[in-house]
Amino acid sequence: MSTLNELVGDAKIVVTCGPGGIGKTTSAAAMGVAIARHEDRRVLVLTVDPAKRLATALGLEGIGNDIGRVPLDGARGELSVAMLDTQASWDSLIRRHAPDAGTATKILNNTLYQNITRRFVQSHDYIAVERLFEIVEMNEFDVIVVDTPPSRNALDFLDAPSRMADFFSSRFLKWLIAPSRTGLATVATKPLTFIADKILGGQFLSDITEFFLLLNSMHDGFIARAREIDAILHQNSTQFVVVSTLEDQPLREAEQFAVELKKRSLHTVAWIVNRVVPEKLLLPGDQSDHDDLLHRLEEIPEPRRSAVVAMVERNRDYWIRVALREQESLARIADYGLDLFTVPEQAGDMTDLAALSTLGDVVMRSAVRRAGTTDA
Amino acid sequence: MGKTTVATALALSLSRAGKKVLLCSIDERPDIAKAFGRKELTFAPVEVEPGMFVMGMETEAALREYLKINLKLPFLGKLGPVATALDFVATAAPGVKEILTIGKICFEVRERHYDVVVVDAPATGHVVGYLSAPRAINDMAKVGLIRSQTSWMEEILGDAETTSALIVTTAEEMPVQETLELMVSLRNKTQVHLDAVLVNRVIEVEPSETENELIDERMTGESPVAIAWHLARARSAKQGRHLSHLETGVSAPVEILRVPEIVSQRASELVEAVAASLGAELT
């Protein structure tokens, strides 16, 4: 029986994928803690949007875009953490790729740039991958556990690098830039500038053009980088782990992730299922439950006692239904061929490293629940 | 969180109260289509029940409609390459998608095609990007059609009589934290008024507190009834902590509405629960 620990044993990058709100960040952090405690490896956990108390537990507060060391008593390895700061990462990306300091300053001060990087959704996905690459390049860690941004769908995050490359190679961008380069509008750009002018206004258009002209000076750097990032994501040593609960909506989203990962030939090794109710709920119930309950609660006077017993039984029936539904769901997702690891709901919240360590051991060291059938 | 289910339930309860309702899904979730026995949602609204219309947002279609209405372009069909370029911008260039989406919704409200438009918004981290799009575009474009077009959108979004937001959450750590953060960014970055926070899937342990303690004591062993009891008690206690955290951040006139777990599981009961807590106020 393999454990998740063995599965991701030689991974250099472990990416957790899944919908929001199902404990993905916590799972990533717990995995990182477990690896650093038991193995002589330098571990980095890159989180995107941790819950406040998790951030406190990891000492993430106030570290901005820096990398912080987490002291782990008696650990064989080392644990570091980093949090994604979208704006700071964009700024450093621009500084790195700009041909000269003047261009960098121009871009950083461009209102359009600030609006795009601060307000809009997709800039987050790209920069998360970009930040991962930056850390890989530092070459200071043996394994990086990456928590992905809560995306509407898997595509947003995984396709961010190639979308960026597409954008820079697009004919549209060339059209937009062509007239200001030559001082002449070509026939092809005419309808476009006509519409853009009508809708956006001339000044906006010239702002946008200036912005893209500046960006265009970084064209080659961006494209080369997007390709490298894509290559890293496809390496054998980059392994993807799907995380979800068994509730309808998150599970359906996670299934979509599993499909998309496979379609892109990314190496998906496991599926962590959080907050699973105890299977023991499905043990055959005792026929004398009802009388037994009445007996156990004899201090409560009738007729109240019968009412209380009825509530207790309703509660039991409800959770048995939940457990049954979960078993059906587990059977269904087994079809994706990934090793399944189930994690029971943790009693406490993840407020300190001790709680994370305990969870880490549960996640990494318990036996596979259902072995996968295919090698993803 | 059950956001889509709540949006659907809300739309249904309004249409059953005699309103003409448009339910618009931004994220193309399959749930809404499924709930009405359809394969997928289309940009053109479909009447699925008397007075109840559903549509799925499509940026490209919204752009075409916008160009047709605003530029009265007779040669739209011939726009081939330009349209492709614009479609591309709409998906690749940040901001365009957001303004087209929010513009289409505001347009439906302004034209009074429906009595109520219920929008199943994108997830927490994304929704402010949509609601603040008119202002963001305003900051960027100093003149032009877009500029003149964002003010009326801001008016619609900022009028408490016309537009209100409902946050759907659960009593867990991250959802509660995100809810509190979303409330702050709604206040700071948008003009939209928040009406209520609906806490979905609240686990209720029914007997009284003294009885609960007695039951805790007597529920020993590994029988299903005991496991289920302790499970409900543990989850309810955990939820209680997160609920009180939520309460510290929510004050009047914003209301906290609770939908019990057992109700959340059944679509028809959820419609009634939502109708009872929200419908009256909105109709």
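Here are some notes on the two chains, A and B, of this predicted model.

1. Ground rules. Residues count from 1 along each chain as its sequence is written, and chains are lettered from A in the order in which they are written. As the model is predicted, local features need pLDDT of at least 70 and side-chain atom pairs count only at pLDDT 80 or more, while totals for chains, interfaces and linings use all residues; side-chain values use heavy atoms, without hydrogens or water.

2. Confidence in chain A. The average pLDDT (the predictor's confidence in each residue, from 0 to 100) is 80 for chain A, with 79% of the residues at 70 or above. Among the elements of this chain, strand E6 (residues 238-244) has the highest mean, 94, and helix H10 (residues 171-182) the lowest, 56. (Helices, H or I with at least four residues, and strands, E with at least two, are DSSP runs numbered from the N terminus.) Over residues 180-188 of chain A, pLDDT stays under 50, and the model has eight contacts for them beyond four places in sequence; contact means heavy atoms within 4.5 Å. Where pLDDT is low, don't read the predicted coordinates in detail.

3. Confidence in chain B. Here the mean pLDDT is 81, and 79% of the residues reach 70 or more. Among the elements of chain B, strand E1 (residues 21-25) has the highest mean at 94, and helix H4 (residues 80-92) has the lowest at 52. Residues 75-79 of chain B are below 50, with five contacts in the model beyond near neighbours in sequence.

4. The cores. A nonpolar core here is a set of buried Ala, Val, Leu, Ile, Met, Phe, Trp, Tyr and Cys residues joined through side-chain atoms within 4.5 Å. The largest has 54 residues, and A:Phe240, A:Trp271 and A:Ile333 have the most contacts inside it. Helix H7 (residues 122-138) of chain A gives the most to this core, seven residues. A second, separate core has 47 residues, among them B:Cys24 and B:Ile167. Leaving aside neighbours within four places in sequence, A:Trp271 touches residues including A:Val242, A:Leu251, A:Ile333 and A:Phe341.

5. Helix H5 of chain A. In this helix (residues 101-109), A:Thr103, A:Ala104, A:Ile107 and A:Leu108 are buried; buried is under 20% relative accessible area, exposed over 50%, partly exposed in between (1.4 Å probe, protein chains only). These four sit on the same side of H5(A), because they cover an arc of only 130° around the axis, taken from the directions from the helix axis to the C-beta atoms. A:Ala101, A:Lys106 and A:Asn109 are exposed on the other side. At the N-terminal end, A:Asp100 acts as a cap, with a side-chain oxygen 3.1 Å from the backbone nitrogen of A:Gly102.

6. Helix H10 of chain B. Within residues 209-218, B:Glu211, B:Asn212, B:Leu214 and B:Ile215 are buried. They line one face of the helix, because they fall within an arc of 165° seen down its axis. B:Thr210 and B:Glu217 are exposed on the other side. The cover over the buried residues includes helix H16 (304-333) of chain A and helix H11 (224-249) of chain B.

7. A loop residue to look at. B:Ala171 lies in the loop between strand E5 (164-170) and helix H9 (173-189) of chain B, and counts as buried at 3% relative accessibility. Its C-alpha is 8.3 Å from that of B:Leu246, 75 residues away in sequence.

8. Cysteines. Searching the whole structure gives zero disulfides over all chains, a disulfide being a pair of cysteine sulfur atoms within 2.5 Å. B:Cys24 is buried at 0% relative accessible area, and B:Cys106 is buried at 2%.

Notes. A polar contact is a pair of N or O atoms within 3.5 Å; within protein, one must be able to donate a hydrogen and the other to accept it, and residues adjacent in sequence count only if both atoms are side-chain atoms.
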